[in-house]
Amino acid sequence: MLDGLIALFSSPLALVLMVVAVPIGMVFGAIPGLGGKIALISVMPFLIGLDTLAGCVFLISLHAVVHTGAAAPTILLGIPGTGPSTAVVLDGHSMTKNGDGTRAITAAAIASGIGGVVGTICLALIVPFALSLMKQISYPEIFLLTLFGLGFCALLSGSGLVKGVIVGCLGLTIAFVGKETTYGVERLTFDLDVFYGGINLVTAVLSMFAIPEMLRVGRKAQISQTEILPRADVFRQIALGAADIVKHRWLTLRTSVMGVIVGIIPGLGGDVAAWLCYGHAAQSSDHPEKFGKGAVEGVIGPEAANNSKEGGSLVPTLFLGIPGSSGMAIFLIALVPLGVSPGLSFVEQNNGLIWAMVWALALSNILAAVTLVALSGVLQRLARVPVHLLVPYVYLLAMASIYIASNDWRFFVVMIAMSAIGYAFLVLDWPRAPFVIGLILGPEAETSLVKSLSIWGPEFLLRPVSLLMIATLLFSMHRMSRRLMAHAKIAKDHIDAS
Amino acid sequence: MRHSGLVLPAILGFIFAICLAEILRYRWEVALAPGLACGIGLVLCVVLVVQNARARAPRPSAANFGKGDIAQFSWLALAAFLVTMLGFAIGGALSVFVQVLVVRQGKYRIITAAICAAAVPIIVIGVFQELLQIRLYAGHLLR
């Protein structure tokens, strides 16, 4: 554990990049329409040739603090900086309208910091046990885990199970394009040599996420007209915000732990964590009638969960190479230029690096919380940046990433075709997260399925461990979906009432 | 907006069907996983199309495809075309210049567009080429 801290502090480049990543990540969170995925995608071209430790620390710090930065526009301007921030906007912005904006920002920053640290502690506690536990997992279990990761994602993506599964199947199909590794057969290439190497992840993910978002931002180009708030009574409000966290310490801890659990389950994401904890905060509050009108618990719960989720989602991502969320899927892709391929063998061989990442996660969260309180004035100005002027740059950065990953200009054509599908998904409210989960899990699912069939035959599904896993996972999916629906109903009732 | 509920699953179903037809030519070990993915996808697309087609009243939809979407997509296509033909430094700068010029309103839009465009070759040459030693695509016409 201390090896990681020593490794982190003995690399000046890693430390500098961690400090640099925090404001960059916060800015990406603070500008509505960007967010963690676009942040990772934007820095990807600059990672090539970077030292592995420094690059990993940079990426993890960048991604960890996005939600902390997103609190500024969400609370001060009522514009959610990221998707999960929508759970904060109601009470956070109501507090601003009540004259408690800085108080809400402080509470959000401290809750985010605590959430991030709790997430890191949980990750640190899991690391020693996870390694030996993961060694017990064989091909059938990996296959079932990948299937259920996809199933969870489709189930909870909010647009209907059928649509979620269709999108997941599309992701899987795209993952199978190119040369099959065991028999060397070229699949789904339609005799086009551009597809012989497969459709790389960078092209697929950028086309499905970054470009459709920019198409939408470009269409709805507008600059926030909200006035910049005066910095009156700042210190008094900061003290009140800190006191709110002390008063609601158990809620902060509970929602932090809930965030970690949501993060560990592959396929769930920040939206689920944030709304689950908003519902829990409303349900457990002594004054549920205040929700939607400026209840600080409505800020603390989702903010703590947003950041703690990152620690949890690193468990399946680093140990199994199975991304805990769509953001983690892009994180996995961003690790490729650094020569990092997460999985059990990676963790075994790079224990120091893993611990360095754990420490970076904790430190960057603390740094981000302090920065948010100190720079709340600057961040609210950044939220007024006309995002539509950034659109052409994001297109160029996306194309640069695609060209670096493929070294073939024809992938620009693939990008346009896939962007059309991605944009249709976005406009028609189809979920996109199952696509990227399917894309990442496809090769892993296929390898484990074929090897399971070769070793055990179809009976691999009847092995006691497999049966136990199927029963456990089905039960937990059922419970989780029921609980989520209940919490979502409570949250919706409060929104409707307000 | 009834069509929007039919067109997307129909297109996806078509993609799955083509892929499934292609997969049938392979040995089972190679065809199993993609066959399952495409098969399940195709069946569900058919289910969705039939469900939407049978719906008596048009379902409410967030879809509002129109000229705005086509315009946005044209910017992306223009950027890709210019980069393909003239490379990142010149084609990219040109695409940024044109897009900012059209999108930006106000007195100083030509100057703003020129400054925004000038940043592109500086990044492509200064950061990518000199600092990171990465040569980005030079373009079909300039190679």
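**Chain A, overall.** I began with the contacts inside chain A of this predicted model, and found that residues 24 or more positions apart account for 81% of those with a separation of 6 or more. I then listed the secondary structure of chain A, which comes to 22 helices and two strands, and looked up burial, where 61% of its 498 residues count as buried.

**Gly35(A).** As an example of a pair distant in sequence I took Gly35(A) and Val66(A), which are 31 residues apart along the chain but have C-alpha atoms 6.4 Å apart in space. I placed Gly35(A) in the loop between helix H2 (12-30) and helix H3 (36-43) of chain A. Is Gly35(A) buried or exposed? Gly35(A) counts as buried because it has 26 C-beta neighbours inside 10 Å, against a cut-off of 20 or more.

**Helix H11(A).** I next went along helix H11 of chain A, residues 234-247, whose 14 residues reach 20 Å from the first C-alpha to the last, close to the 20 Å expected at 1.5 Å a residue. I noted Gln237(A), Ile238(A), Gly241(A), Asp244(A) and Ile245(A) as the buried residues in H11(A). They lie on the same side of H11(A), because they cover an arc of only 115° around the axis. The spacing fits the general rule that an α-helix has 3.6 residues a turn, so residues three or four places apart point the same way. On the other side of H11(A) I found Phe235(A), Arg236(A) and Val246(A) exposed.

**Positive phi angles.** I looked up two backbone angles with the reminder that most residues other than glycine have a negative phi. Leu188(A), not a glycine, has a positive phi near 50°, and I located Leu188(A) in the loop between strand E2 (186-187) and H10 of chain A. Asp429(A), also not a glycine, has a positive phi of about 60° and lies in the loop between H20 and H21 of chain A. How many C-beta neighbours does Leu188(A) have inside 10 Å? I found 21 for Leu188(A), which therefore counts as buried, whereas Asp429(A) has 13 other C-beta atoms within 10 Å and is therefore partly exposed.

**Where chain A touches chain B.** I turned to the interface, in which 45 residues of chain A are in contact with 48 residues of chain B. On the chain A side, the elements that give two or more residues are helix H9 (161-175), helix H10 (201-219), helix H19 (391-406), helix H20 (411-427) and helix H21 (433-456). Which of them gives the most? H19(A) does, with eight residues. Sorting this side of chain A by residue type, I recorded 34 nonpolar, six polar and five charged residues.

**Chain B.** From the UniProt record, an unreviewed entry, I noted that the annotation "transmembrane region" covers residues 31-53, 73-102 and 108-128 of chain B. In the model, residues 31-53 of chain B are 100% helix and 0% strand, with their end C-alpha atoms 32 Å apart. For residues 108-128 of chain B I read 95% helix and 0% strand, with the end C-alpha atoms 30 Å apart.

**Confidence.** I closed with the predictor's scores, which for the complex are an ipTM of 0.90 and a pTM of 0.70. Chain B averages a pLDDT of 84, and 89% of the residues score at least 70. Among the elements of chain B, helix H1 (residues 2-23) has the lowest mean pLDDT, 86, and helix H3 (residues 67-103) the highest, 90. I kept in mind that where pLDDT is low, the predicted coordinates should not be read in detail.

Note on methods:
Residues numbered from 1 in each chain as written. Chains lettered and ligands numbered in written order. Predicted model: local features only at pLDDT ≥ 70, side-chain atom pairs only at ≥ 80, totals over all residues. Contact = placed C-beta atoms within 7 Å. Helix = DSSP H or I, 4+ residues; strand = E, 2+ residues; numbered from the N terminus. Nonpolar A, V, L, I, M, F, W, Y, C, P; charged D, E, K, R; others polar. Buried ≥ 20, exposed ≤ 12 C-beta atoms within 10 Å, placed from the backbone. Expected span 1.5 Å × (residues − 1). Arc of directions from axis to C-beta. pLDDT = per-residue confidence, 0-100. UniProt positions renumbered as here; feature names shortened; annotations may be inferred.
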